[in-house]
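Dear colleague,

I am handing over the structure we spoke about, and I would be glad if you could look it over before reading my notes. The sequence and the coordinates come first, and what I found in them comes after.

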Amino acid sequence: MMVRTDNRAVNDVRPLQVQWRYLTQQPASVLWQRGITKIMVAAYWQTKAAGLVVTGTGLTAGQIDWLQAALLPLVSAEALTQQQLVVTITTLENDGGQLAEAFNATIGALQLLPDTLLDQQVPCAVSVGVMADQTTLVDLTLAEEEIAISQMTMVATAQEQVGALTLSGQPVDSSLFNELILRASQGCTRTTAQFQASFQQAVQPVMAAGIPDVGTIVIATKNPGKAREFEAVFAKAGLKVKTLLDYPELPEIDETGQTFEANARLKADQIAAILKLPVLADDSGLMVDALDGRPGIYSARFAGDHNDAGNNAKLLFELTGVPTEKRTATFHSTLAFAKPDRPNEDLVVEGNVAGRILGIPRGDNGFGYDPLFYVPELDASMAELSLAQKNQVSHRARAIANLEPVWRDWLAD
Ligand SMILES: O=c1[nH]c(=O)c2ncn([C@@H]3O[C@H](COP(=O)(O)OP(=O)(O)OP(=O)(O)O)[C@@H](O)[C@H]3O)c2[nH]1
Ligand SMILES: [Mg+2]
């Protein structure tokens with residue numbers, strides 16, 4: 001029995017590692033690593049043309065044609081008459097199995113593109129080869145490919161249905177051919193299990209909550225009042241908003257920072273790292289001059305737990321006897337926008353609005369301290385303003401206005 005370059009059994013495939021949604025701006029992207037063979041694939045639909053386009057670097061024209069032909073039956077023919085599916089494949093490092101793994105990585109990326117694959121039965125590709133001593137091997141390394149006398153790449157499903165197949169090198173007789181098919185289908189079963197384990201662990205919980213597309217911003221807040229304000233502002237820019245209320249399975253983030261910025265970054269960084277998506281967070285609060293800037297970063301927890309009525313009652317109590325002209329205050333918002341796993345590159349902006357704390361609450365709109373926060377220019381409390389009016393003047397609206405001119409370039413970096 002021949003000894004393999006990495007001591008694997010003849011029917012053993014190498015470990016598989018997948019980084020799902022690898023590219024920040026292309027949600028349907030993967031970094032696919034079989035051993036040290038590394039392939040990156042991104043896929044997207046575009047409406048200005050039709051059909052399937054596969055482009056690749058590090059692959060031959062013949063290999064790209066093969067991939068195109070192998071992928072075509074897996075995608076709805078009808079969808080392809082109306083839109084164009086673009087698949088870009090980049091080989092970063094080839095240590096064997098390049099064609100098979102380019103196919104597998106593409107299937108991985110297409111799994112992230114809703115309604116693209118026809119069938120739930122995910123096919124996979126496997127490379128097999130015949131060595132000089134007639135041993136058949138699965139998932140060859142580059143060194144093994146170089147000395148193999150025949151090689152085959154086969155697409156199959158775990159249900160043993162064979163799809164595309166390509167054979168190179170010396171012709172093989174039928175018994176050897178059967179052995180190759182058997183090896184390949186075993187390799188495929190193993191690969192499908194690896195693939196599914198990674199997908200189920202990393203992607204399915206998030207997918208169950210709906211995958212945000214490039215037109216969606218995820219905001220790391222559980223505060224429905226903030227969510228409403230963000231939705232209204234971003235809707236104007238044609239963007240949809242998802243918040244942590246859409247991802248109930250995510251862990252609670254402890255706001256342990258000592259500044260608004262630190263807390264905003266904590267929320268954005270941690271959620272971006274989990275979702276593997278760009279995430280925006282807001283940390284905000286009320287700073288009352290007569291209380292030396294309190295409650296500040298503790299605004300949500302001023303009266304202990306997160307309770308708006310309790311917070312307002314405590315604020316009124318602490319300001320008992322303080323005359324109108326000394327009841328000045330500032331609402332502050334710091335926004336942090338984070339890219340997955342790049343916490344040093346957060347985009348941070350802020351906004352403030354000056355006002356005064358009323359003695360008696362006014363208005364029913366907004367949330368938090370809004371009924372007590374009087375805005376002199378508008379001669380109204382924040383809770384007397386409509387959502388649209390609050391979004392013209394509020395601390396959060398001003399912070400978003402500061403974000404607006406810069407975030408697209410930052411995201412593209
Ligand atoms: O009357 C208000 N109008 C506002 O426009 C406003 N913005 C902030 N605040 C107060 O400051 C806390 C933020 O704390 P905070 O940034 O930790 O948010 P939060 O805990 O409510 O939600 P999350 O985003 O952390 O999930 C909030 O709870 C409120 O008490 C506001 N009050
Ligand atoms: Mg909070």
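Below I go through the overall picture, the cores, the ligand site, the annotated positions and a few backbone details.

Please keep in mind throughout that this is a predicted model. The chain averages a pLDDT of 90, and 96% of the residues score at least 70, while the scores for the model are ipTM 0.98 and pTM 0.59. As a general caution, where pLDDT is low, the predicted coordinates should not be read in detail.

To begin with the overall picture, the chain contains twelve helices and 16 strands, and 39% of its 413 residues count as buried. Among the contacts in the chain with a separation of 6 or more, 63% are between residues 24 or more positions apart.

Turning to the interior, the largest nonpolar core is made up of 50 residues, and those with the most contacts inside it are V41, A43, F103, A109, V126 and A184. Helix α3, residues 98–111, gives the largest share of this core, namely eight residues. If you would like one residue to start from, F103 touches L67, A70, A125 and V155, once residues up to four places away in sequence are left out of the count. There is also a second, separate core of 28 residues, and I219, A264, A268 and L280 are included in it.

Next comes the ligand. Around ligand 1 there are 23 residues, of which T221, N223, S299, A300 and G368 come nearest. By type, the residues of this shell divide into seven nonpolar, nine polar and seven charged. Which element gives the largest share of the shell around ligand 1? That is strand β12, residues 279–288, with five residues.

Strand β12 is also the place of D283, a residue that the UniProt annotation "active site", from an unreviewed entry, covers. Is D283 buried or exposed? With 27 other C-beta atoms within 10 Å, against the 20 or more that the term requires, D283 is buried. Leaving aside neighbours within four places in sequence, D283 is in contact with F260, N263, A264, K267 and T334; A264, one of these, is also included in the second core.

The same record, again as an unreviewed entry, places the feature "binding site" at D254 and D283. These two positions are spread over 30 residues of sequence, yet they cluster in space, with a largest C-alpha distance of 12.3 Å. D254 is found in the loop between β11 (240–243) and α8 (260–275), and because D254 has 10 C-beta neighbours inside 10 Å, where 12 or fewer is the limit, D254 counts as exposed. I would treat both annotations with some care, as they come from an unreviewed entry.

Strand β12 comes up once more in the surroundings of helix α11, residues 395–403, whose buried residues are H395, R396, A397, A399, I400 and L403. These buried residues of α11 pack against α7 (224–236), β12, β13 (328–338), β14 (347–357), α10 (387–393) and α12 (407–412).

Finally, there are some backbone details to check in the viewer. A cis peptide bond joins R294 and P295, with omega at about -5°, and P295 has its place in the loop between β12 and α9 (308–318). Two residues other than glycine have a positive phi: for D139 the value is near 50°, and for D379 it is about 45°. Their settings can be described in turn. D139 lies in the loop between β7 (136–138) and α4 (142–147), and because 29 other C-beta atoms lie within 10 Å, D139 is buried. D379 is found in the loop between β15 (373–375) and β16 (380–381), and because 8 other C-beta atoms lie within 10 Å, D379 is exposed.

With best wishes

Technical notes
Residues numbered from 1 in each chain as written. Chains lettered and ligands numbered in written order. Predicted model: local features only at pLDDT ≥ 70, side-chain atom pairs only at ≥ 80, totals over all residues. Near = placed C-beta within 6 Å. Helix = DSSP H or I, 4+ residues; strand = E, 2+ residues; numbered from the N terminus. Nonpolar A, V, L, I, M, F, W, Y, C, P; charged D, E, K, R; others polar. Contact = placed C-beta atoms within 7 Å. UniProt positions renumbered as here; feature names shortened; annotations may be inferred. Core = buried A, V, L, I, M, F, W, Y, C linked by C-beta atoms within 7 Å. pLDDT = per-residue confidence, 0-100.
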